[in-house]
Amino acid sequence: MYTLLINLMVALVVPIFVPLINHHSSDLGFLQYFWQIMAKVFPLLICPLIAAQLVRLFLPRLHKVLTSFHDLAFYLWAVALGIAIAVTVRSIVHTNHSIGELFAIAVVSLVCCALQFGLGRLIGRHYQTPVSSCQALGQKNTVFAIWLGYTFLNPVTSIAGGFYSIWHNLYNTYQLRKQATGKNCKSVKQ
């Protein structure tokens, strides 16, 4: 539920803040820029949410068929991850920034990732939900962040989202590996 709410909130809040941050991208006024961003954000995040709810409520047979493909979400995620990595690599290849700056972006995104997963786990231990809280705070919609950075900000900003995606997927792989091998299952299983 947290992931759904945060993505919806981001979709609604980002169009307000991007024009304030990115003064140089357009000569449009604030409202024109806001509507330009909303025109791109709405089909990307809000329309699929509405469509999914409409299918669930008014087309239960179709909903049942779609939900019968248990691995569909994994494959959709894999495609989205591939696109995110491709956009990040394109940004790295076409950037004028130095290797040192790119390395700094990678390190900062690693620190942010570690802090968010760690803080999530710490908060979760208090409520006996360390894995759920860890994922809720650490897992991000990096595809959206990469697209947003590449489309409305400086393309180098998309690199931070790409690195974050790499770090959190490596951490999730580590957690899954720990669970599969039975090491420290007590703290991994919910």
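**Figure 1. Overall composition of the chain in the predicted model.** Of the 190 residues in the chain, 29% are buried. The model shown in this and the following views is predicted. The chain contains nine helices and zero strands, and its pattern along the sequence reads α-α-α-α-α-α-α-α-α. Among contacts with a separation of 6 or more, 63% join residues that lie 24 or more positions apart.

**Figure 2. Packing of helix α4 with helix α7.** Two packed helices are described by the angle between their axes and the distance between the axes. Helix α4 spans residues 72–94 and helix α7 spans residues 142–152; their axes come within 9 Å and cross at roughly 35°. The crossing of α4 with α7 is left-handed. On the α4 side, the contact is formed by Ala80, Ala84, Val87, Thr88, Arg90 and Ser91, which meet Val143, Ile146 and Tyr150 of α7. By class, the residues of this contact comprise six nonpolar, two polar and one charged.

**Figure 3. Surroundings of Thr95 in the loop between α4 and α5.** Thr95 is located in the loop that joins α4 to α5, the latter covering residues 99–126. Thr95 counts as buried because its relative accessibility is 18%, below the 20% cut-off. Its side chain reaches the backbone nitrogen of His97 at 3.1 Å. When neighbours within four places in sequence are left aside, Thr95 is in contact with Leu102 and Val156. Leu102 is also one of the buried residues of α5, and Val156 falls in helix α8, which covers residues 156–181.

**Figure 4. Helix α5 and the residue that follows.** The 28 residues of α5 reach 41 Å from the first C-alpha to the last, close to the 40 Å expected at 1.5 Å a residue. Buried positions in α5 are Leu102, Ala106, Ser109, Cys113, Phe117, Gly120, Arg121 and Gly124. An α-helix has 3.6 residues a turn, so residues three or four places apart point the same way. After α5 comes Gln128, which has a positive phi near 60°.

**Figure 5. Helix α8 and the glycine at its end.** Helix α8 comprises 26 residues, from 156 to 181, and at 1.5 Å a residue should span 38 Å. Its end C-alpha atoms are 38 Å apart, so the span in the model agrees with the expected value. Gly182, just after α8, adopts a positive phi of about 85°.

Technical notes: Residues numbered from 1 in each chain as written. Predicted model: local features only at pLDDT ≥ 70, side-chain atom pairs only at ≥ 80, totals over all residues. Heavy atoms only, no water. Axes fitted to C-alpha atoms, helices over the stretch in contact; angles between N-to-C directions. Helix = DSSP H or I, 4+ residues; strand = E, 2+ residues; numbered from the N terminus. Left-handed = near helix turned anticlockwise from the far one by under 90°. Contact = heavy atoms within 4.5 Å. Nonpolar A, V, L, I, M, F, W, Y, C, P; charged D, E, K, R; others polar. Buried < 20%, exposed > 50% of the residue type's maximum accessible area, 1.4 Å probe, protein only. Polar contact = N/O pair within 3.5 Å; in protein donor to acceptor, adjacent residues only side chain to side chain. Expected span 1.5 Å × (residues − 1).
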